[in-house]
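Let's go through a few of the labels used for this model and check what stands behind each one.

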Amino acid sequence: MDEFIEQLPNLAKDKHKENAAYFKKLKRKPPKDLDYKMQELHEEEFAETDCLKCANCCKTTGPLFTDRDVTRIAKHFRMKDAQFIDTYLRIDEDNDYVLQNLPCTFLGADNYCMIYDVRPKACAEFPHTDRKKFQQITNITLKNILVCPAAYNIVEKMKDRIKLK
């Protein structure tokens, strides 16, 4: 797994043009059963993938924190929202709350999330390969395959199973 994670950015970059062209076609004319097929691919992949052996998303990227996320997590820590923000977050160039530092502050040495039950929505939904109207988030998927082996595998299987004209 470690070797695959190390190679992943280069593998994803090698496939970037191919994937971008595929997703462009997908956006133009998505199959009627796309969401069903994506759910199937997602479930198949995650039946074989153990995120705890990887946690590359937590080590290399950070989620966006919504106001709801901030309130929920601050409450978990028995903090005021402002105190939680000052302690853990910063505002990025898009005016979103993001982590001050990477890897994620809440990632344990064992790859377990210390706030798993109250984690940000972006973390709970990552890598977003089972989202409805998948064709609308292909730009996110192109970024996620750089860090998530499961997302990379799902896209590769997707290109095999969902043929586009």
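Q: What makes the crossing of α2 and α8 right-handed or left-handed?
A: The crossing of α2 and α8 is right-handed: the near helix is turned clockwise from the far one by less than a right angle, whereas anticlockwise would be left-handed. Keep in mind that this is a predicted model, where local features need pLDDT of at least 70, side-chain atom pairs count only at pLDDT 80 or more, and totals for chains, interfaces and linings use all residues. Residues are numbered from 1 along each chain as its sequence is written, and side-chain values use heavy atoms, with hydrogens and water left out.

Q: Which residues make the contact between α2 and α8?
A: With contact meaning heavy atoms within 4.5 Å, α2 brings in L34, K37, M38, E40, L41, H42, E44, E45, F46 and E48, and α8 brings in A150, N153, I154, K157, M158 and R161.

Q: Why are α2 and α8 called oblique to each other?
A: The axes of α2 (residues 34-48) and α8 (residues 149-161) cross at roughly 135°. Under 35 degrees would be roughly parallel, over 145 roughly antiparallel and 65 to 115 roughly perpendicular, with the rest oblique; α2 and α8 are therefore oblique.

Q: Why is C57 not bonded to C58?
A: A disulfide needs cysteine sulfur atoms within 2.5 Å. The C57 sulfur is 3.9 Å from that of C58, its closest cysteine sulfur, so that's too far for a bond. The count is 0 disulfides.

Q: What is C57 called: buried, exposed or partly exposed?
A: Buried means under 20% relative accessible area, exposed over 50%, and partly exposed in between (1.4 Å probe, protein chains only). C57 has 23%, so it's partly exposed; C58, with 24%, is partly exposed too.

Conventions: Axes fitted to C-alpha atoms, helices over the stretch in contact; angles between N-to-C directions. Helix = DSSP H or I, 4+ residues; strand = E, 2+ residues; numbered from the N terminus.
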